[in-house]
Amino acid sequence: MRILLLSNAYNSLTQRIHVELAYQGHNVSVELTLNTQVMAEAVELYQPNLIIASFVKMAIPEVIWRRYICIIIHPGIKGDRGPSSLDWAILTDAEEWGVTALQATGEMDAGDIWSSVNFKMPSRSKSSVYRTEVAEAAIQAILETIERFESGHFIPEPLDYSREDVKGCLRPYMKQEVRGIDWASDSASTIVKKIRAADSQPGVLDTIDGEAYYLYGAHQEDTLKGTPGEIIAQQHGAICRATVDGAVWISHLKQKKRGEQSFFKLPAAMVLSESLKDIPELTRSLKLSSTCKTYKEIWYEEKNDVGYLHFDFYNGAMSADQCNRLKTAFLNVCTHPTKVIVLMGGQDFWSNGIHLNMIEASENPADESWRNINAMNDLVLSILTATTHLVLAAMQGNAAAGGVMLALAADQVYARRGIVLNPHYKRMGLYGSEYWTYSLPKRVGHKKALELTNNCLPMSTKVAQEIGLIDDCFGQSIVSFRQQIEAIAQGMAQSPDYEHRLALKREMRLTDERCKPLEDYRKEELEQMKLNFYSSEQSYHVARRNFVYKITPSETPLHLAKHRQFSHPSEKCAVVLPNAKTSQKSTLGFLHR
Ligand code: COA
């Protein structure tokens, strides 16, 4: 079928729907810049069989819904209506939530229901639920809708509040007055809930030292205490504020817009730096139990000869300092008498590469980019050259750019089924590094490596597995993914083949190094990156600035808008690979045979 995807942004949900539908063999085109005229034009050009609006903030124009079936993907249970669905679900402690596929009509979210899928509501942030449970339910609802649509005889269910299974209601836009924190009475769990209901957007507006900030990244704290509202500790950029019954960590702040001056999210301690001079910096051991309530970016657990190294960086963005800390932690756990190390990333993201916000905020973004990419490369190098252990990458959440290449440094790469991978840099105006010119062709071959880095499209885990980018994908939920990862890692550690596999890994690294030293790959990549950072051609700096300040493109990129491709010339500036030599396409298949 020809399916037109309408969305205000090419966000993770839209990407996920795009890759799943394409995988099912549908012909999918995407329109992003949404106003009545652009939407109508896209429909006219594409003549779709079905329209799916995955993330649309305005009403679908009548000229469209009168002529076409247009399915709105609403992140709420049957009967739920309004623009703050998930926010209300989190704030009101909904135990069950869902996604409803409803037909666009003249009234917002009130059309006939084609499908509705519910899930158990986890206690995580809005964006985390959106990327995980909502995305999963949305795919199920869309596939069911398509099946029903193709059958030609399905009659969608009119919204009827008298039905027992219609439990939702119309709720208003959630204003800051509802979100606001009362530090004199709100408990730590209430504060965490309020911030999570507003994370990643719009944040909870609060005042610190007389200045207005939006708060993000909340974590409850088990042990620290103080006067409610006061900042009592800091750790790796996060601040800890006392509550009436304990304390909460807040990892990020954004200053409220002042006149024309806009701000973006940064680590809280960086934003407040001057006023935190007397606030103690906490240091905590790497070994923190997973049940301990506190703020932890990097932590480590060990079980049955397997070490699990978690790195849960907000939004998957990794600054130079975070890369250095992770490298130190990795080298440290390599000295433990375990056999397998599993790199767990974070629950929401595996990694999205260098920290573009920190770079934007620095005095000299080119220098900071250089520092960040070198720190990232040092981290990747430490994994590529770790010959004491077998190393697994367990991607629980989405990954992009250098973040994908970070995973490829491991011996085996596994992903939770349903995450989205973006193994390319070009849209950020970068050639890329993280030894991608070594690891990517080694896994997928040269031709495919160039295709992936030039086409700049997201990829499903199923496709990633089929082309050899990853070794396997499984586990719809985070819990089941972790259980399977544990079983694989333990199986590997206890396998009679273990020593043989480790010896093979060492041998292959030596062979590859003789063919072409890793240092050469790094040098070649960094030469290109230097041009991206320091030449007068500013495309990276412009792309980064637009990304950080969330300046949306004025039109849908052509590689997504198939319906506009024929009238435009193809894009230039292809990425090329230097002469890369590796012992074989993949060193790694041997490990799980
Ligand atoms: N640095 C800083 N922030 C980043 C980031 C990075 N490398 N990658 C993502 N983020 C932030 C986004 O700004 C957004 O912030 P918000 O919480 O204020 O909304 C959040 O992470 C989620 O990103 P978003 O784009 O909304 O999520 P998505 O899942 O819809 O899209 C990506 C995913 C990865 C395709 C997109 O975020 C992206 O292109 N990231 C940049 C990747 C990159 O070029 N890295 C640098 C080169 S190594």
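Visitor: Over the face of which residue does Lys265 lie, and at what distance from the ring centre?
Guide: In this predicted model, Lys265 is one of the residues listed as closest to the ligand. Lys265 also has an aromatic partner, since a Lys counts as sitting over a ring when NZ is within 6 Å of the ring centre and within 35 degrees of the ring normal. The ring in question belongs to Tyr216, and the distance from its centre is 4.2 Å.

Visitor: The charged end of which residue sits over the ring of Tyr214?
Guide: Here the distance from the ring centre is 5.6 Å, to be read against a limit of 6 Å for such an arrangement. The residue whose charged end sits over Tyr214 is Lys254.

Visitor: How do the residues of the shell around the ligand divide into nonpolar, polar and charged?
Guide: The ligand is surrounded by 25 residues, and the closest of them are Ser12, Lys265, Asn315, Ile354 and Leu356. Two helices, α1 (12-23) and α10 (356-361), each supply at least two residues of this shell. By residue class, the shell divides into 10 nonpolar, 12 polar and 3 charged.

Visitor: How much of the area that the ligand exposes when taken alone does the protein bury?
Guide: Polar atoms of the protein approach the ligand at several places: a polar side-chain atom of Gln201 lies 3.2 Å from a ligand oxygen atom, while a backbone N or O atom of Asn352 lies 3.0 Å from a ligand nitrogen atom. Ile354 likewise places a backbone N or O atom 2.8 Å from a nitrogen atom of the ligand. Taken alone, the ligand exposes 850 Å², and the share of this area that the protein buries is 87%.

Visitor: Which peptide bond involving Gln201 is cis, and what is its omega?
Guide: Most peptide bonds are trans. Gln201, whose side chain supplies a polar atom 3.2 Å from a ligand oxygen atom, is joined by a cis bond to Pro202, a residue of the loop between α7 and β7. The cis bond is that between Gln201 and Pro202, with omega about 0°.

Visitor: Which residue is joined to Ser200 by a cis peptide bond?
Guide: Ser200 lies in the loop between α7 (188-196) and β7 (204-208). The omega angle of the cis bond is about 20°, and the residue that this bond joins to Ser200 is Asp199.

Visitor: Is Asn315, with its positive phi, buried, partly exposed or exposed?
Guide: Most residues other than glycine have a negative phi. Asn315 nevertheless has a positive phi of about 60°, and its place is the loop between β14 (306-311) and α9 (320-333). Because its relative accessible area of 31% falls between the limits of 20% and 50%, Asn315 is classed as partly exposed.

Visitor: Does Asp209 count as buried or exposed?
Guide: Asp209 lies in the loop between β7 and β8 (211-221), and its phi, near 50°, is positive although the residue is not glycine. Its relative accessibility is 63%, and the class exposed begins over 50%, so Asp209 counts as exposed.

Visitor: How many residues apart are Tyr414 and Phe474, the two members of an aromatic pair?
Guide: The structure holds 13 aromatic pairs. In one of them, the rings of Tyr414 and Phe474 have centres 5.8 Å apart and planes at 45°, so the pair is tilted, and both residues are buried. The pair links distant parts of the chain, with Tyr414 in strand β19 (residues 412-416) and Phe474 in strand β22 (residues 472-474), and the separation is 60 residues.

Visitor: Why is the pair of Tyr431 and Trp436 tilted?
Guide: Both Tyr431 and Trp436 are buried, and their ring centres lie 5.5 Å apart. Planes under 30 degrees apart would count as stacked and those over 60 as edge-to-face, so this pair is tilted because its planes stand at 50°.

Visitor: Which residue is separated from Phe119 by 5.6 Å, C-alpha to C-alpha?
Guide: Phe119 belongs to strand β6 (residues 113-120) and is buried, with a relative accessible area of 10%. The partner lies 21 residues away along the chain, and the residue is Gly98.

Visitor: How far apart in space are Ile113 and Ile71?
Guide: Ile113 is in strand β6 and is buried, its relative accessible area being 4%. Along the sequence, Ile113 and Ile71 are 42 residues apart, whereas their C-alpha atoms are separated in space by 9.0 Å.

How values were computed:
Residues are numbered from 1 along each chain as its sequence is written. This is a predicted model: local features need pLDDT of at least 70, side-chain atom pairs count only at pLDDT 80 or more; totals for chains, interfaces and linings use all residues. Side-chain values use heavy atoms; hydrogens and water are left out. A residue is near a molecule or strand if one of its heavy atoms lies within 4 Å of it. A polar contact is a pair of N or O atoms within 3.5 Å; within protein, one must be able to donate a hydrogen and the other to accept it, and residues adjacent in sequence count only if both atoms are side-chain atoms. Accessible areas come from the Shrake-Rupley method with a 1.4 Å probe; for residues, only the protein chains shown count as cover. Helices (H or I, at least four residues) and strands (E, at least two) are DSSP runs, numbered from the N terminus. Ala, Val, Leu, Ile, Met, Phe, Trp, Tyr, Cys and Pro count as nonpolar, Asp, Glu, Lys and Arg as charged, and the others, Gly among them, as polar. Rings of Phe, Tyr and Trp (its six-membered ring) pair if their centres lie within 6.5 Å; planes under 30 degrees apart count as stacked, over 60 as edge-to-face and the rest as tilted. Buried means under 20% relative accessible area, exposed over 50%, partly exposed in between (1.4 Å probe, protein chains only).
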